[in-house]
Amino acid sequence: MQGLTKKRPTEEFVTLRLRVHRQNVERVRRYVDSMEMEDEGGAVSLEDFFTNHFPGESKPSVSLRGARGKEGLTQCQLAEMTGIPQRHISEMENGRRPIGKETAKKLAKALNVDYRVLL
């Protein structure tokens, strides 16, 4: 018979590796630490994650920046690949320019992601 414990069984844990910009390392660590302390197992919706941990930034802007970083591309390289001016990519990543459906499709093709993550 197994006794009741506060610890979760270790077989439910998985290894997770993240690549984040140097300036966000502490923010991500604090977020992970806060998830470990939650009673409900740390489940957080994607919308809550972006709202609470990237205040003032939209989900599309963070997704675009992350996808570009994952592919190891500069804004200039992405601009050349898509025909979208680098200035516009910068504005989209900083949440000052919305990403329309057709633009999202161009960016997604170059970044190897589903265009819907950029909307």
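Trainee: Which residue does Lys-70 form a salt bridge with?

Mentor: Look for a side-chain nitrogen of Lys or Arg within 4 Å of a carboxyl oxygen of Asp or Glu. Here Lys-70 pairs up with Glu-71, and their closest N and O atoms are 3.7 Å apart. Keep in mind that this is a predicted model.

Trainee: Is Lys-70 buried or exposed?

Mentor: Residues over 50% relative accessible area count as exposed, and those under 20% as buried. Lys-70 has 53%, so it is exposed. Its partner Glu-71 has 31%, which means Glu-71 is partly exposed.

Trainee: How many salt bridges does the count come to?

Mentor: The count comes to 4. One of them joins the side chains of Glu-93 and Arg-68, with N to O at 2.5 Å. Glu-93 sits in helix 5 and Arg-68 in helix 3, so this pair ties together parts 25 residues apart in sequence. Both Glu-93 and Arg-68 are buried. Another salt bridge links the side chains of Glu-91 and Arg-97, at 2.8 Å from N to O. Arg-97 is partly exposed, at 32% relative accessibility.

Trainee: At what angle do the axes of helix 3 and helix 5 cross?

Mentor: Picture a line through each helix. The axes of helix 3 (residues 59–71) and helix 5 (residues 86–93) cross at roughly 120° and come within 7 Å. That makes the two helices oblique to each other.

Trainee: And which residues in helix 3 meet helix 5?

Mentor: From helix 3, you'll find Ser-61, Leu-64, Arg-65 and Arg-68; they meet Ile-89, Met-92 and Glu-93 in helix 5. Sorted by class, this contact has 3 nonpolar, 3 charged and 1 polar residues.

Trainee: How many residues of helix 5 are buried?

Mentor: 6 of its 8 residues are buried, so helix 5 is largely enclosed by the rest of the structure. You can pick them out as His-88, Ile-89, Ser-90, Glu-91, Met-92 and Glu-93. Helix 3, helix 4 and helix 6 (101–111) are among the parts covering them. Just look past the helix, too: Gly-95 follows helix 5 and has a positive phi, near 75°.

Trainee: Last one: where in the chain is confidence lowest, and where is it highest?

Mentor: For that, read the pLDDT, the predictor's confidence in each residue. Helix 2 (residues 46–53) is lowest, with a mean of 61, while helix 4 (residues 75–82) is highest, at 96. Over the chain, the mean pLDDT is 78, and 66% of the residues reach 70 or more.

Technical notes: Residues are numbered from 1 along each chain as its sequence is written. This is a predicted model: local features need pLDDT of at least 70, side-chain atom pairs count only at pLDDT 80 or more; totals for chains, interfaces and linings use all residues. Side-chain values use heavy atoms; hydrogens and water are left out. Axes are lines fitted to C-alpha atoms, for helices over the stretch in contact, and angles run from 0 to 180 degrees between N-to-C directions. Helices (H or I, at least four residues) and strands (E, at least two) are DSSP runs, numbered from the N terminus. Angles under 35 degrees count as roughly parallel, over 145 as roughly antiparallel, 65 to 115 as roughly perpendicular and the rest as oblique. Contact means heavy atoms within 4.5 Å. Ala, Val, Leu, Ile, Met, Phe, Trp, Tyr, Cys and Pro count as nonpolar, Asp, Glu, Lys and Arg as charged, and the others, Gly among them, as polar. Buried means under 20% relative accessible area, exposed over 50%, partly exposed in between (1.4 Å probe, protein chains only). pLDDT is the predictor's confidence in each residue, from 0 to 100.
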